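Trainee: Could you take me through a close look at a single part of this model and then connect that part to the rest of the chain? I would welcome one long, careful answer.

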Amino acid sequence: QVQLVESGGGLVQEGGSLRLSCAASGSRFTRYTMAWFRLAPGKEREFLAGIDWSGKSPYYADAIKGRFTISRDNTKNTVDLQMNSLKPEDTAVYYCAASQASYNRNVTLVDYWGKGTLVIVSS
């Protein structure tokens with residue numbers, strides 16, 4: 001019902017910024033909670049940030065709070081993740097996710113995943 005395609009990943013130096021974008025298609029996109037997760041080498045998939053269908057009350061993991069900002073534009077069917085002050089430990093594949101569950105932080109409650117976009121932060 002929903003297809004997600006991430007873009008904006010790449011190589012950036014420590015302290016730099018990147019803006020990731022997730023383009024969504026599907027008739028029920030507006031009613032889904034959207035989120036960003038990441039998968040770093042040797043680690044499990046980690047929740048980063050989420051935002052409900054209305055764009056109100058975005059929520060974040062402690063690991064990135066204050067550095068990353070999630071936003072959505074239901075007119076354009078996009079969800080963005082602005083990443084500032086990047087660190088080498090932010091290196092990972094970043095995934096866009098859609099869920100019917102409000103304030104979802106759980107990978108098991110994700111209904112649709114994007115294919116991911118790679119972010120590499122060099123020191």
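Mentor: L81 is placed in strand β8, and in this predicted model L81 counts as buried, with a relative accessibility of 0%. If we set aside the neighbours within four places in sequence, L81 is in contact with L18, R19 and L20, with W36, with L48 and A49, with F68, T69 and I70, and with Y94. Several of those partners can be placed on strands by their numbers, since β3 covers 18-25, β4 covers 33-39, β5 covers 46-51, β7 covers 68-73 and β9 covers 92-99. Not every residue of β9 is at hand, however: A98 is 17 residues from L81 in sequence, and the two C-alpha atoms are 14 Å apart in space.

L81 also belongs to a wider set, the largest nonpolar core, which has 37 residues, and the members that touch the most other members are L4, M34, W36, I70, L81, M83 and Y94. The strands that each supply at least two residues of this core are β3 (18-25), β4 (33-39), β5 (46-51), β6 (59-60), β7 (68-73), β8 (78-83), β9 (92-99) and β11 (117-122). Among them, β9 gives the most, with five residues.

A second member of that group, M34, shows the core from another position. Leaving aside the neighbours within four places in sequence, M34 is in contact with L4, C22, F29, A49, G50, I51, I70, R72, V79, C96, A97 and A98. A49 and I70 appear in this list, and A49 and I70 are also among the contacts of L81. A98, whose C-alpha atom is 14 Å from that of L81, is in contact with M34.

From R72, a contact of M34, one can step to D52, which lies in the loop between β5 and β6. With a relative accessible area of 13%, D52 is under the 20% limit and therefore counts as buried. Beyond the neighbours within four places in sequence, the contacts of D52 are Y32, T33 and R72. The C-alpha atoms of D52 and D90, which are 38 residues apart along the chain, are separated by 24 Å, and T91, 39 residues from D52 in sequence, is 26 Å away in space, C-alpha to C-alpha.

T91 is placed in the loop between β8 and β9, and, leaving aside the neighbours within four places in sequence, T91 is in contact with A40 and P41 as well as with V119, I120 and V121. S85 is also found in the loop between β8 and β9, and at a relative accessible area of 40% S85 is partly exposed. The backbone deserves a check here: phi of S85 is near 50°, a positive value in a residue other than glycine. Most residues other than glycine have a negative phi. N77, in the loop between β7 and β8, likewise has a positive phi, near 55°, and is not a glycine; at 25% relative accessibility, N77 counts as partly exposed.

The segment after β11 holds S123, which counts as exposed at 84% relative accessibility. Apart from the neighbours within four places in sequence, S123 is in contact with E14 and P88, while R72, 51 residues away in sequence, is 30 Å from S123 in space, C-alpha to C-alpha.

Stepping back to the chain as a whole, the secondary structure comes to zero helices and eleven strands. The radius of gyration is 13 Å, close to the 14 Å that the globule rule gives for 123 residues, so the chain is as compact as a globular protein of that length. Along the principal axes, the C-alpha trace spans about 40 × 25 × 25 Å. Of the 123 residues, 45% count as buried, and of the contacts with a separation of 6 or more, 59% join residues that are 24 or more positions apart. The accessible surface comes to about 6300 Å², of which 48% belongs to carbon and sulfur atoms. As for charge, the chain has 14 positive and 11 negative side chains, and the centres of the two sets lie 5 Å apart.

Methods:
Residues are numbered from 1 along each chain as its sequence is written. This is a predicted model: local features need pLDDT of at least 70, side-chain atom pairs count only at pLDDT 80 or more; totals for chains, interfaces and linings use all residues. Side-chain values use heavy atoms; hydrogens and water are left out. A nonpolar core is a set of buried Ala, Val, Leu, Ile, Met, Phe, Trp, Tyr and Cys residues joined through side-chain atoms within 4.5 Å. Buried means under 20% relative accessible area, exposed over 50%, partly exposed in between (1.4 Å probe, protein chains only). Helices (H or I, at least four residues) and strands (E, at least two) are DSSP runs, numbered from the N terminus. Contact means heavy atoms within 4.5 Å. The radius of gyration is taken over C-alpha atoms; the globule rule is 2.2 Å times the number of residues to the power 0.38. Accessible areas come from the Shrake-Rupley method with a 1.4 Å probe; for residues, only the protein chains shown count as cover. Lys and Arg count as positive and Asp and Glu as negative; His and the chain ends are not counted. The place of a charge is taken as NZ of Lys, CZ of Arg, CG of Asp or CD of Glu.
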